[in-house]
Amino acid sequence: MLACYIPKHEGTAETEKKPDIGLDFGIKTTITTSEGEKFDITVQEQKRLKGLQRKLARQVKGSGDWRDTKHRIQREYERLANRRRAKANQVYHDIVTGRSLVVMQDENIKGWHKGLFGKHVQNSALGTLKSKLTSCLSVLVIDRFFPSTRMCPLCGHIHESITLSDRTFACPACGYTEDRDVKAAKTLLLAGKHEIACTLPEQKRTPVERMSDFDSSYEAWKRSVLKPEAPSSSPG
């Protein structure tokens, strides 16, 4: 083991100022940023783990070989958890370092485990990364009811007919077209800057109450976005 000590002035000089960023969590592409960068933080189970599980099923429960195989399976799960944790730490460092504002949505990661792609979500480090991001002071969390996927960041139109199979967002009102995940991340960043429902949902509030708060804040933001700029007064 080698310990290195870096002077403070050298460490701060390497940290450059980065622009604010929005994050969109997904299943196929786990992390997409408003800058168009995509991160894959999935760590698949090794073939060795599956072989040990099949071996354990053939052995007599409670025997010495059975206990030895079970211990090896526990070690494999420990290595798998360490790899996922290391990947989450690396992505967290790449996203947060040098940024004064990071905007993300309060996605229901636990609910994703029960869906069609539940196994894929379980093999990712989304839960660990979300926990680390929410504890960071520079991260702003948007309420999960915010329509980041359906709202156009230019005109504020809500595209109700968009489906999960549509990977490109095309606004029927203004014609804005962009990658669905990148657009969602940009919309979240825009919402964070305008402070629309930018707090974690309180457990005491019902979904109806949270939607009511969101509707009022969203309408106020939409009026401010669509408000025409005042003409510049020329000197007489």
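A helix crossing is called left-handed if the near helix is turned anticlockwise from the far one by less than a right angle, and right-handed if it is turned clockwise. In this predicted model, that distinction separates two packings of helix α3, since α3 passes α6 in a right-handed crossing, whereas the crossing of α2 and α3 is left-handed. The briefing below begins with the whole chain, then takes up the two helix pairs, and ends with three individual residues.

**The chain as a whole**

- The protein chain has a secondary structure of eight helices and seven strands, and buried residues account for 37% of its 236 residues.
- Of the contacts in the protein chain that link residues at least 6 apart in sequence, 65% are between residues at least 24 apart.
- The area that the protein chain exposes comes to about 15000 Å², of which carbon and sulfur atoms supply 53%.

**Helix α2 against helix α3**

- Helix α2, which covers residues 47-58, packs with helix α3, which covers residues 64-96, at an angle of about 155°, and the axes of the two helices are 10 Å apart.
- Because angles over 145 degrees count as roughly antiparallel, α2 and α3 are roughly antiparallel to each other.
- On the α2 side, the contact is made by Arg48, Leu49, Leu52, Gln53, Lys55 and Leu56, while α3 contributes Trp66, Thr69, Lys70, Arg72, Ile73, Glu76 and Tyr77.
- Sorted by class, the residues in the contact of α2 with α3 are six nonpolar, two polar and five charged.

**Helix α3 against helix α6**

- Helix α6 spans residues 126-134, and its axis comes within 9 Å of the axis of α3, the two crossing at roughly 40°.
- That angle makes α3 oblique to α6.
- From α3, the residues that make the contact are Ala88, Asn89, Val91, Tyr92 and Val96, and from α6 they are Thr128, Leu129, Lys132 and Leu133.
- In the contact of α3 with α6, the residues divide into six nonpolar, two polar and one charged.

**Two buried residues of helix α3**

- Leu80 has its place in helix α3 and is buried, its relative accessible area being 5%.
- Once neighbours within four places in sequence are set aside, Leu80 is in contact with Val43, Gln44 and Glu45; for the last of these, Glu45, the C-alpha atom is separated by 7.2 Å from that of Leu80, although the two residues are 35 apart along the chain.
- Arg84 also lies in helix α3, and with a relative accessible area of 16% it is buried, because the cut-off for that class is under 20%.
- Leaving aside neighbours within four places in sequence, Arg84 is in contact with Val43 and Glu45, and likewise with Gln122, Asn123, Ser124 and Ala125.
- Between Arg84 and Leu126, which are 42 residues apart along the chain, the C-alpha separation is 9.2 Å.
- Val43 and Glu45 thus appear among the contacts of Leu80 and also among those of Arg84.

**A glycine in a loop between strands**

- Gly175 is found in the loop between strand β6, residues 168-170, and strand β7, residues 177-179.
- The relative accessibility of Gly175 is 48%, so this residue counts as partly exposed.
- The C-alpha atom of Gly175 is separated by 9.7 Å from that of Leu154, a residue 21 places away along the chain.

Note on methods. Residues are numbered from 1 along each chain as its sequence is written. This is a predicted model: local features need pLDDT of at least 70, side-chain atom pairs count only at pLDDT 80 or more; totals for chains, interfaces and linings use all residues. Side-chain values use heavy atoms; hydrogens and water are left out. Helices (H or I, at least four residues) and strands (E, at least two) are DSSP runs, numbered from the N terminus. Buried means under 20% relative accessible area, exposed over 50%, partly exposed in between (1.4 Å probe, protein chains only). Contact means heavy atoms within 4.5 Å. Accessible areas come from the Shrake-Rupley method with a 1.4 Å probe; for residues, only the protein chains shown count as cover. Axes are lines fitted to C-alpha atoms, for helices over the stretch in contact, and angles run from 0 to 180 degrees between N-to-C directions. Angles under 35 degrees count as roughly parallel, over 145 as roughly antiparallel, 65 to 115 as roughly perpendicular and the rest as oblique. Ala, Val, Leu, Ile, Met, Phe, Trp, Tyr, Cys and Pro count as nonpolar, Asp, Glu, Lys and Arg as charged, and the others, Gly among them, as polar.
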